[in-house]
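These notes are meant for a colleague opening this structure for the first time. Please keep the model in view while reading the numbered points below.

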Amino acid sequence: MHLCLIPSHDESRGPSFNGRAERRGSFTLPPAGTGAVSARSSGRTRPGSGTMGAARPLALLLLLLLLLPAQGLLYAAATRFQDVLNHGSTSPVTSYKKLQGWSSDQNKWNEKLYPFWEEGDPRWKDCWKGGRVTAKLDSDSPALVGSNVSFTVTLQFPKCQTEDNDGNIVYRRNCTRDPPASMDQQVYVYNWTEWTDSCGWENCTSNHSHHVFPDGRPFPHHPGWRRRNFVYVFHTFGQYYQTTGRSSAKFSVNTANITLGEHGMAVSIYRRGHSGFVPVARAKTTYSVTDKIPVIVSMFQKHDRNISDSIFIKDSPITFDVKIHDPSYYLNNSAISYKWNFGDGSGLFVASGSSTSHTYTLQGNFTLNLTVQAIIPVPCRPVTPTAPPPTSAAPTGASSDSDSSPTVESVQDNPDGGCHIYRNGYYGSSIAVVEGILEVNIIQMTSIQMTESQAENSLVDFVVTCQGSLPTDVCTVVSDPTCQVSKSMVCDPIDVTDECLLTIRRAFEEPGTYCINITLGDDTSQALASALISVNGGASSGTTAGVFIFLGLLAVFATIGAFVLYKRYKQYKPIERSAEQTQKQEGFTAYFSTFKAVFFPNSTERNPLLKSKPGIV
């Protein structure tokens, strides 16, 4: 606002005698300290009129000085998205690349329709019936630059409240917390359907419905718009994205224009109200963008007792399974290779598959290293003098700056030719290799003869051998014939000082068919042998009838195998076998050898392992 006094150019008119100085006169402020104001005009001036006339422009000048800052404050008080969505951040982003579909947080925020409350404002206590709503915001980062990173926000309502199929908030039936009314009929916390049932999308303009976002843009017209009663406003990198939804929302952002590193994502959630929208919750999380392929490696070894301690067994293959974190399938059409260095002097191994195995033949500590390389096909773009290809296009490395992620024209190592970029991922781990138990075999099962007075339980002796290191404990699990329902488990410490040969005695309360699992273990390894056994009751029972089944076979193949065993038993002719030949056999042959030992116990005297008399556990 500007005020000005117009000086007089017509001095023919006489002075004014209305108790004030003539407005067309020119006023001169006196020197400081004089306390007088003089007026010049062509006429006379009444005594005292100069002082009174000079006071008015001075007051107007003071008023001008007061109004100008106030007017500036009014302009500065306009609420922006940045003010609402920063969530306490003190370092807003001032320079950024535009994200597709996002808008600058310098836009004005409609605070009348979407009020903004600071944290701690008492109005938060009354923004939701029955308690406080919280929000959980998650992401699937880390994200490889150029891929999409997804975010999911989920609202968590107060106890006993939930969202129904129509998008209304209701009280759950049979909940321990008493609702404000009887549970004989559905009780609503917010019945938004009732607000909008009487109107359509175009004519629903009452206070119950406002189809605009905080920046004034209209809502998208979804077929199920009546069920979308929440507004979600996301904020990152100096930009915002707004959408409507139900009690959860999910969206994705392409990371091509996001710099490498860790960033924050915030969300403000509003619910539909009678006279506008009401804030109900806020949430924030961090996400990261990287130019290194996120890689996870899991390791498995058959007889390893603890897969998380990085201690493995010598002379037993370790399976390495590589998982690339790529939830947006950005690398689906890429050529991916895996370069392994197991650290034991075996050299480099390059594979095209994500799974491989390696056997360490020496004990010790080793460092495992893996490099994953992806050749990513991308659309070709013309090369201009102002945009030279980044040096990261070389196959030996990846970009360390998100600005260098655009397409690079190259045909090197690309089977299909065309344009592509290279991305690498790295994994390293230290592992220890020790001696361990490699194999367990049940070579004989024998029932114990007892008198009638002693025959409370049926006792069976299991003769067990193992290969590898000597065990320190043994566990026996007795299950139903399907090996699914455990009936009992007994574990005992053992002291084996010479060779791995021991007899395990177990009691069975009643006759029947059982699945037996015998596990021998030490500090770092364990191995398992399984069998199906038929136990006869009474004191006069002889040798226990048992049939060993290779548990890896499916049920249908187990039935066929039983028929084959029956045919072989009917046509059996004893053939001598040495212990060395028997141990070298694998799979079904080894189990058939055990089957022969059960049905022909006399022939087992030729096995040199039974020349010594093992102790009974």
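1. A strand pairing makes a convenient starting place: Ala143 stands opposite Val289 in strand S14, where strands are DSSP runs of type E with at least two residues, numbered from the N terminus. This belongs to the pairing of strand S5 (residues 143-144) with S14, which run parallel and are joined by two bridges; two strands pair if DSSP finds at least two bridges between them.

2. How the model was made and read should be kept in mind: this is a predicted model, in which local features need pLDDT of at least 70 and side-chain atom pairs count only at pLDDT 80 or more, whereas totals for chains, interfaces and linings use all residues. Residues are numbered from 1 along each chain as its sequence is written, and side-chain values use heavy atoms, with hydrogens and water left out.

3. On confidence, the protein averages a pLDDT of 74, and 63% of the residues score at least 70; pLDDT is the predictor's confidence in each residue, from 0 to 100. Over residues 390-394 the pLDDT is below 50, and this stretch has nine contacts in the model beyond near neighbours in sequence, a contact meaning heavy atoms within 4.5 Å. Residues 538-613 also stay under a pLDDT of 50, with 87 contacts in the model beyond four places in sequence. Where pLDDT is low, the predicted coordinates should not be read in detail.

4. Strand S14 deserves a closer look. S14 covers residues 277-290, and 10 of its 14 residues are buried, so this strand is largely enclosed by the rest of the structure; buried means under 20% relative accessible area, exposed over 50%, and partly exposed in between, with a 1.4 Å probe and protein chains only. Strand S13 (residues 261-272) pairs with S14 in the antiparallel sense over 12 bridges, and the two form a hairpin with four residues between them. Within this pairing, Gly264 stands opposite Thr286 of S14.

5. Which residues touch the most other members of the largest nonpolar core? They are Trp128, Val153, Phe230, Tyr232, Phe234 and Ile269, in a core of 41 residues; such a core is a set of buried Ala, Val, Leu, Ile, Met, Phe, Trp, Tyr and Cys residues joined through side-chain atoms within 4.5 Å. S14 gives the most to this core, with six residues. Apart from this core lies another, of 26 residues, among them Leu331, Leu368, Val372 and Ala374. Leaving aside neighbours within four places in sequence, Phe234 is in contact with residues including Leu85, Trp102, Leu137, Val153, Phe251 and Met265.

6. The structure holds 27 aromatic pairs; rings of Phe, Tyr and Trp (its six-membered ring) pair if their centres lie within 6.5 Å, and planes under 30 degrees apart count as stacked, over 60 as edge-to-face and the rest as tilted. Trp109 and Tyr114 form an edge-to-face pair, at 6.1 Å centre to centre and 70° between the planes, and both count as buried, Trp109 at 5% relative accessibility and Tyr114 at 0%. The rings of Trp128 and Phe230 have their centres 6.2 Å apart and their planes at 20°, so this pair is stacked. The stacked pair links distant parts of the chain, with Trp128 in the loop between strand S3 (103-104) and strand S4 (134-139) and Phe230 in strand S10 (residues 230-236), 102 residues apart.

7. Further along the chain, three strands form an open antiparallel sheet in the order S23-S24-S27. Strand S23 (437-447) and strand S27 (501-508) stand at the edges with a single partner strand each, so one side of each is left without a neighbour in the sheet. S23 and S24 pair over nine bridges, with Ile442 opposite Val464 in S24, while eight bridges join S24 (residues 458-468) to S27, where the bridge partner of Thr465 is Leu501. S24 is mostly covered, eight of its 11 residues being buried.

8. Is Cys466, a residue of strand S24, buried or exposed? At 12% relative accessibility, Cys466 counts as buried. Not counting residues up to four places away in sequence, Cys466 touches Ile437, Glu439, Val440, Pro471, Cys500 and Leu520. The C-alpha atoms of Cys466 and Ala527 are separated by 8.4 Å, although these residues are 61 apart along the chain.
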